[in-house]
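Here are some notes to read alongside the model, for anyone opening it for the first time. Keep the 3D view open and go point by point.

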Amino acid sequence: MLEIKNLRARIGEKEILKGIDLTVPTGEIHAIMGPNGAGKSTLSYVLSGRDGYEVTEGEVLYNGVNILELAPEDRAAAGMFLAFQYPVELPGVGNANFLRTALNAVRRKRGEPELDAVAFLKSARAAIKSLQMNEDFLKRNVNVGFSGGEKKRNEMLQMALLKPGLAILDETDSGLDIDALRIVSEGVNALRGPSFSALVITHYQRLLDHIVPDMVHVLAGGRIVRSGPKELALELEARGYAGVEAA
Amino acid sequence: MTALPTKKLEAWRYTDLRALERLSFGAVPAAALPALPEFAGPIVVFANGRMSAPLAAPLGDGREFAPVQEHGPQSLAHINAEQAQDGLSLSVPAGIDGGALLMLSHNAGETPFAAHPRHRVTLGDNARLTLIELVKGEGVYWHNPVADIALHGGAVLTHIRLQQESTAAFNTTLIRANVAAGAAYEHFTATIGAKLSRTELHVSLLGEGARADLNAAQLLRGEQHGDFTAVVRHAAPNCASRQTVKSVLADDAHGVFQGRIEVAKGAQKTDGYQMSRALLLSERATMDIKPELEIFADDVKCSHGATIGALDAEQLFYLRSRGINEPEARAMLIHAFLEEAFAPVTDEAAHKLLIEAIGTWWTTP
């Protein structure tokens, strides 16, 4: 379970998150929607521990642990996974080496045995197959020269292998094509189950046609201004953010 | 002895030899045969500047050393000529593929000494050779080799150097290559050792279609100083040259790249390229880059570029968000930078030696 309590954060002097309260029970998928500049990307970065954001108040408990005190790598080991809006290219780093290093780092921290090359390849190949990816993905450098859709697939491959308990999907950009949306939603829906939660951060309702959320929250001006069932997303689509905030 | 060059000379602006000047050198100590690396082909060994294990056939024994005289302006070459007592002399006859040859240079002694070997490599028309040099040592010494290379028409020499001198040692290496029509000189130096080192290349492309690839990787830490200086003279039309240098500098290390492309009046359709990338792992590390283009022809393509930066914060965060600890994430990114630097080395045995060398570079303090 993820519990965000009165979370305030700033970049430099500018306060972006102004007291966020939000609970995502285990097994549920929640969507966060909101206008541009509401603080959606900031929330995903604060949750995953990126530098440059200062938390001034509040706490974030994941399964009872205040994860704001953990380094990004320890949050990953605790079961959190951030799917990047723009996955980073790593020239010179082979995808297979990257995936195996990440997987074994997380397994080590979770007290599980590391996978040798053979066992890793076996599970990577199975995940690749279920994501309908080409096996030469493993031989290429991480995200280098990948198309937008391929980068998203690679994110979902990492997620499938790392088996997080909580996925945070930063899909705030409007520029995502239908293909990329489909890839992300298939990746999330494949993990959906009683022990998996997700926080889907998006600007547009259409992603939620594919990943049907249990709850929708509206983030505006650094606060959650409304929460409701999945139909809230449709209302937002019809009336716009201004209409919903006022209601 | 001829005086050492000083920083007043433009070509020595970034490399200061005063620490070398302060040393006094005694007699060259007798050298024991160093441990030989695993290598499938022939090996020739120079210990303290003397050939200690001659080459086996089919390339001849490599012993044809004769004293030389210097007339040019390079004073380190003059000192070498005054002091040289031995060196590799190798000729690959026309049309012969000499395969791969490993040359191990090892310098070690209790008291400071200097070694000035003078090497000569000649490839006949359409001959080929891969020369892999391992340069190692222990203690305080000055290693000042000069190599003169002549490549006849269509010959190809792949020359890979792994410089792992003692970190108390000085290495000044001068390599001069004359490349005839259709011939190619492919050079790669990995600078890992020495307190102070300078690798200086002078390559003349003398016939149409000649080519020079002059690549280097510098891995420096502590107070190490590494200088890679390359001068390519395009004297004939339709020649191509590439100079790429990648440097990883930690602690107080100082890296230098001076790259010069000279295009003579008649050298039309010259294709010259030069690139320097440096990764600084500390705020105190410094990199000096001096690109120079001197072009007297009017139909040429010459470009140069340089980047200096720290590890990318976005890349680091990406790795860490996947559970990889910060030190390991940093190591992965540095390794990736170096793997790219080693990409020009396609010879498998040499590539393996280089990868092993970076493995030890960041585990040894």
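**Notes on sheets, helices and two buried residues**

1. Start with a hairpin-style pairing at the beginning of chain A: strand S1 (residues 2-11) of chain A and S2(A) pair in the antiparallel sense, and 8 bridges hold the pairing. Looking for a landmark there? Leu2(A) sits opposite Val24(A) of S2(A). Bear in mind throughout that this is a predicted model.

2. Those two strands belong to an open sheet of 4 strands in chain A, ordered S2-S1-S4-S5 with antiparallel pairing. At its edges are strand S2 (14-24) and strand S5 (65-66) of chain A, each of which pairs on one side only. Helix H1 (residues 40-48) of chain A lies across S1, S2 and strand S4 (54-62), and runs at about 110 degrees to S1(A).

3. Chain A also has an open sheet of 6 strands, and here the pairing is mixed: the order reads S6-S9-S10-S3-S11-S12. Strand S6 (80-83) and strand S12 (223-228) of chain A are the edges; each has a single partner strand, so one side of each is left without a neighbour in the sheet. On average, neighbouring strands of this sheet are turned by 20 degrees against each other, direction ignored.

4. For a closer look at one end of that sheet, go to strand S11 (residues 215-220) of chain A, which is joined to S12(A) by 5 bridges, the two running antiparallel. Within this pair, Leu219(A) stands opposite Ile224(A) in S12(A).

5. Now for a helix on the 6-stranded sheet. Helix H5 (residues 148-162) of chain A lies across S6 and strand S9 (166-171), running at about 175 degrees to S6(A). H5(A) has 15 residues and spans 21 Å from its first C-alpha to its last, close to the 21 Å expected at 1.5 Å a residue. Right after H5(A) comes Lys163(A), with a positive phi near 45 degrees.

6. How many of the 15 residues of H5(A) are buried? The count is 12, so the helix is mostly covered. Among the buried ones are Leu157(A), Leu161(A) and Leu162(A), but also Lys151(A), Lys152(A), Arg153(A) and Glu155(A).

7. H5(A) has a helical companion too. H5(A) and helix H6 (residues 178-191) of chain A pack at an angle of about 10 degrees, their axes 8 Å apart, which makes H5(A) roughly parallel to H6(A). On the H5(A) side, the residues involved include Met156(A) and Met159(A); on the H6(A) side, they include Ile183(A), Val184(A) and Leu191(A). By class, this contact has 7 nonpolar, 2 polar and 3 charged residues.

8. Over in chain B, is Arg320(B) buried or exposed? Arg320(B) is found in helix H3 (residues 313-320) of chain B, and at 15% relative accessibility it counts as buried, the cut-off being under 20%. Setting aside neighbours within four places in sequence, Arg320(B) is in contact with Ala71(A), Pro72(A), Glu73(A) and Ala76(A) of chain A, as well as Glu326(B) and Ala329(B).

9. Last stop: Leu354(B), in helix H5 (residues 348-361) of chain B. Leu354(B) is buried, with a relative accessible area of 1%. Not counting residues up to four places away in sequence, Leu354(B) touches Leu162(B), Phe188(B), Ala190(B), Phe342(B) and Val345(B). Leu338(B) is 16 residues from Leu354(B) in sequence, and the two are 9.7 Å apart in space, C-alpha to C-alpha.

Note on methods. Residues numbered from 1 in each chain as written. Chains lettered and ligands numbered in written order. Predicted model: local features only at pLDDT ≥ 70, side-chain atom pairs only at ≥ 80, totals over all residues. Heavy atoms only, no water. Pairing = 2+ DSSP bridges. Axes fitted to C-alpha atoms, helices over the stretch in contact; angles between N-to-C directions. Contact = heavy atoms within 4.5 Å. Expected span 1.5 Å × (residues − 1). Buried < 20%, exposed > 50% of the residue type's maximum accessible area, 1.4 Å probe, protein only. Parallel < 35°, antiparallel > 145°, perpendicular 65-115°, else oblique. Nonpolar A, V, L, I, M, F, W, Y, C, P; charged D, E, K, R; others polar.
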